[in-house]
Amino acid sequence: MRLAHGTTMLPTFMPVATQAAIKGLTPQQVEALGINLILNNTYHLNLRPGIQVLKEAGGAHKFQGWSHNLLTDSGGFQLVSLSKFTKITEEGALFASPFDGKPTMLTPEESISIQHAIGADIIMQLDDVVSSLTVGPRVEEAMWRTIRWLDRCIEFHQKSGRDDTQNLFAIVQGGLNPDLRDKCLDEMIARRDRVAGYAIGGLSGGEEKGLSNVQTSYLKIVHDILWVLDLQKVYPVSRRFAAI
């Protein structure tokens, strides 16, 4: 996978540096392990140290002393992890800061704008995430909203002129419902010429991981999505990026 800050071989292990730091390791130690892709979190970096600080530092790469590739989570996961502080509307997600209670509206456009300031090589659309154990109409509601939010992310990102250096990934949602996953994936594939790759969201939240439950396990859902992407020869833009 060729990105602006080098080539990352796939599959790869991607350490999480939520607030632009990997606990207990320096950037040099991480690099010495052969790692060249790490994750920063959009929501948390927007709170602390704040986007203005990152801009003044020249982006998150320079801020954390990391010369290799960065991927940013859009903030969608915090809709689950900080659900008691969050209200979701069609406009976006209204968060109350867990530190001082200050309200922050994270829209699809604002999420992309923050990720632009961070300077990540791979950026994620803002998605409406529900716990993987959620059932009922809320799962379908979140899936369709994720698709609508993707269109807003695409429009904002394309207008920014950053397509060549920051690569927008779509996120497939649908909970543990195979039919909803299929519908969401179809919509994402229909936008294949406007995204650089795909991520699978809404998992690792307590669901069965193996194949004992054939229809709704983690492995089954991941397998089925990757099978469709391969069957339809869905290669991201210029075949530079991998579906994950």
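Helices here are DSSP runs of H or I with at least four residues, numbered from the N terminus. With that in hand, S111 can be placed in helix 6 of this predicted model.

**A serine in helix 6**

S111 counts as buried because its relative accessibility is 0%, and buried means under 20%. Setting aside residues up to four places away in sequence, S111 touches T42, S74, L106, M124 and L126. One of these contacts, M124, comes back below as a bridge partner of a residue in strand 9.

**The parallel strands**

Let's turn to strand 9, which is mostly covered, with 6 of its 6 residues buried. N167, F169 and I171 point one way from the strand, while L168, A170 and V172 point the other way, and all are buried. Strand 9 has a parallel neighbour in strand 8 (residues 122-124), joined to it by 3 bridges; here F169 is the bridge partner of M124. Between strand 8 and strand 9 the chain crosses through helix 7, in a right-handed β-α-β crossover.

Strand 10 (residues 197-200) also runs parallel to strand 9, and 4 bridges join them. In this pairing A170 stands opposite Y198. The chain gets from strand 9 to strand 10 through helix 8, and this β-α-β crossover is right-handed too.

**The antiparallel strands**

Strand 6 has a covered face, made of A93 and F95, and an uncovered one, made of L94 and A96. Its pairings with strand 5 (residues 86-88) and with strand 7 (residues 103-106) are both antiparallel.

| Pair | Bridges | Opposite residues | Residues between the strands |
|---|---|---|---|
| Strand 5 and strand 6 | 3 bridges | I88 and A93 | 4 residues |
| Strand 6 and strand 7 | 4 bridges | A96 and P103 | 6 residues |

Each pair forms a hairpin, and in the one made by strand 6 and strand 7, G101 takes a positive phi near 80°.

**The nonpolar cores**

The largest nonpolar core has 52 residues, and I38, I118, L185, M188, Y198 and L229 have the most contacts inside it. Among the elements that give two or more residues to this core are helix 2 (42-47), helix 3 (51-57), strand 6, helix 6, strand 9 and helix 9 (218-231). Helix 7 gives the most, with 8 residues. Apart from this core lies another, of 11 residues, including M1, L37, I122 and A196.

I38 is a good residue to look at up close: leaving out residues up to four places away in sequence, I38 touches M14, P15, A17, I22, V30, Q64, W66, N69, L70 and L71. One of those, L70, sits in strand 4. L70 is buried, because its relative accessible area of 0% is under 20%. Beyond its neighbours within four places in sequence, L70 is in contact with L37, I38, N40, A60, H61, Q64, A120, D121 and I122. L229 is 159 residues from L70 along the chain, and their C-alpha atoms are separated by 24 Å.

**The largest pocket**

The largest pocket has a volume of about 1,200 Å³. Of the 39 residues that line this pocket, M14, L39, A199, I200 and G201 are the closest to its centre. The elements that give two or more residues to the lining are strand 3 (37-41), strand 4 (69-73), helix 5 (78-81), strand 8, strand 10 and helix 9.

Conventions
Residues numbered from 1 in each chain as written. Predicted model: local features only at pLDDT ≥ 70, side-chain atom pairs only at ≥ 80, totals over all residues. Heavy atoms only, no water. Core = buried A, V, L, I, M, F, W, Y, C linked by side-chain atoms within 4.5 Å. Buried < 20%, exposed > 50% of the residue type's maximum accessible area, 1.4 Å probe, protein only. Contact = heavy atoms within 4.5 Å. Pairing = 2+ DSSP bridges. Right-handed = clockwise from strand over helix to strand, strands pointing away. 1 Å grid on protein atoms, 1.4 Å probe; cavity = no way out; pocket = protein on both sides within 12 Å on 5 of 7 lines; lining within 4 Å. Points joined across faces, edges and corners; volume = space filled by probe spheres on them.
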